[in-house]
Structure formats: structure tokens, C-alpha cells
Amino acid sequence: MPAASVPVRDVSVHYRLLQQYLHLLKKYPILTKSVTSGVLSALGNLLSQVLEARRKKGRNGSEAVELDAAGAARYAIYGLFITGPVSHFFYQLMEVWMPATDPYCIIKRLLLDRLFFAPGFLLLFYFVMNILEAKGWEDFEKKMRNSYWTALKMNWKVWTPFQFININFVPVQFRVLFANMVALFWYAYLASVRK
């Protein structure tokens, strides 16, 4: 007995959204990854703000703090113009430079990501955020001195297992999305340490 087709109207909203995302990912890969990065980066910043407000409220019983829309917008801009495109090309180039047929590709990919990409990308994050916050070189140097090394060490602790999975087992077209899901919480952390 042949399987019956399910009419489109009976398919869940989640399934339709996933299908639309996959269609856009195939048709417009960089734009789709960039928009996704922008949205999830902004959400990560908003998450950080909500957690910080709850922490303050619990400590001193103060009223609810207004969310910083400009902060979320800066993270959205960073995700849209930096995270999405840079990550897309990095993962694509990694596939060319270190194909899965290379017997040491698992360790090479992880070392490339952790020792070169992570420090450079974090530096870029600090630099771009400094520009988007309209702050001067002195502020950039101060933030680099006060929190870059701490953030990089935390990056290595938090991201290494996720990136091991991402760069070795997640299909290349989904790596930016996978990293963005982890980054949702990572950006919440970064927003708190950069203050």
C-alpha cells in the first residue's frame, strides 16, 4: 500500500519554517547565514541584558531595567556583516585546505580553528564593537588589556568541544547555524565581560 501524501496545510509550522530556511540556505547561502547570525547575535545580547537585569533585581530589589536596543543593534550588525560572511568563508576554505580525506584533518581543523581563527575573530569582535560603540583607541586598548585574554581562555574552554563537533561532523552548509546556536549564549557571556 503506497504511503499517503500529507497536504501542506497539515504540516507543522516548524517544519515549514525549516523547509523555507533550507530553501533560502541553498539559494542564498551567504545572505541566509548572515541574517541568521545577525538575529541570533542580537538575541544573545538581549539575553545577556535580561540576565543582568534579573541579577541586579535579585541583589538589590531594584525596578526592571530598560533594555538597551542600541546594544542589541550593534550585535545584530556584527552578526550580519561580520559573523555570517566570515564564518561562511572560513568553513568553506577549511573544506578545501583540509579535506576529510586527509588522515589528520580532524586535529588540523581543530588546531586551525582554535589557535588562529578564534583569537583573530575575538580580536575582530573587540575592534568592531569598539567602532560601533563610537569609542576611541584608548578604550579599545583598555578593553583588550582587561578582558581579551580572559575571554579568549573562556572561548577555548567553551567552544573547543562544540567546534570539534561542528568542523568535523556537521555538514558544511549547517556549520554557521550550529555555531550561531552556541554563540547565542557566547554573546551573552561576551556582552557581560566587555562591560
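With which residues is H88 in contact, leaving aside its neighbours within four places in sequence? In this predicted model, the residues concerned are P29, I30, K33 and V176. H88 itself is part of helix α3, which spans residues 69-97. With a relative accessible area of 8%, H88 falls under the 20% limit and is therefore buried. A further spatial relation links H88 to Q173: the two residues are 85 positions apart along the chain, yet their C-alpha atoms are separated by 8.3 Å.

Two of the residues in contact with H88, P29 and K33, also take part in the packing of helix α2 against helix α1. Helix α1 comprises residues 13-27 and helix α2 residues 29-60, and the axes of the two helices lie 5 Å apart at an angle of about 125°. This angle falls neither in the range of 65 to 115 degrees nor over 145, and the two helices are therefore oblique to each other. On the side of α1, the contact is formed by Y21, L24, L25, K26 and K27, while α2 contributes P29, T32, K33 and T36. Sorted by class, the residues of this contact comprise four that are nonpolar, two that are polar and three that are charged.

T36, one of the α2 residues in the contact with α1, was examined further. The relative accessibility of T36 is 15%, under the 20% limit, so this residue counts as buried. Within helix α2, the side chain of T36 reaches the backbone oxygen of T32 at a distance of 2.7 Å. T32 is likewise among the α2 residues that meet α1. When neighbours within four places in sequence are set aside, T36 is in contact with Y21, L177 and N180. Of these, Y21 belongs to the α1 side of the helix pair.

Helix α4, covering residues 105-132, departs from a straight course. A kink of about 40° is located at F117, shortly before the proline P119. Just after α4, A134 adopts a positive phi of about 55°. Most residues other than glycine have a negative phi. A134 is a residue other than glycine with a positive value. The position of A134 is in the loop that joins α4 to α5, the latter covering residues 137-169. The relative accessible area of A134 is 71%, over the 50% limit, and A134 is therefore exposed. By contrast, H88 in α3 and T36 in α2 are buried, at 8% and 15% respectively.

Terms used. Residues numbered from 1 in each chain as written. Predicted model: local features only at pLDDT ≥ 70, side-chain atom pairs only at ≥ 80, totals over all residues. Heavy atoms only, no water. Axes fitted to C-alpha atoms, helices over the stretch in contact; angles between N-to-C directions. Helix = DSSP H or I, 4+ residues; strand = E, 2+ residues; numbered from the N terminus. Parallel < 35°, antiparallel > 145°, perpendicular 65-115°, else oblique. Contact = heavy atoms within 4.5 Å. Nonpolar A, V, L, I, M, F, W, Y, C, P; charged D, E, K, R; others polar. Buried < 20%, exposed > 50% of the residue type's maximum accessible area, 1.4 Å probe, protein only. Polar contact = N/O pair within 3.5 Å; in protein donor to acceptor, adjacent residues only side chain to side chain. Bend = angle between axes of the 7 residues up to and from the residue.
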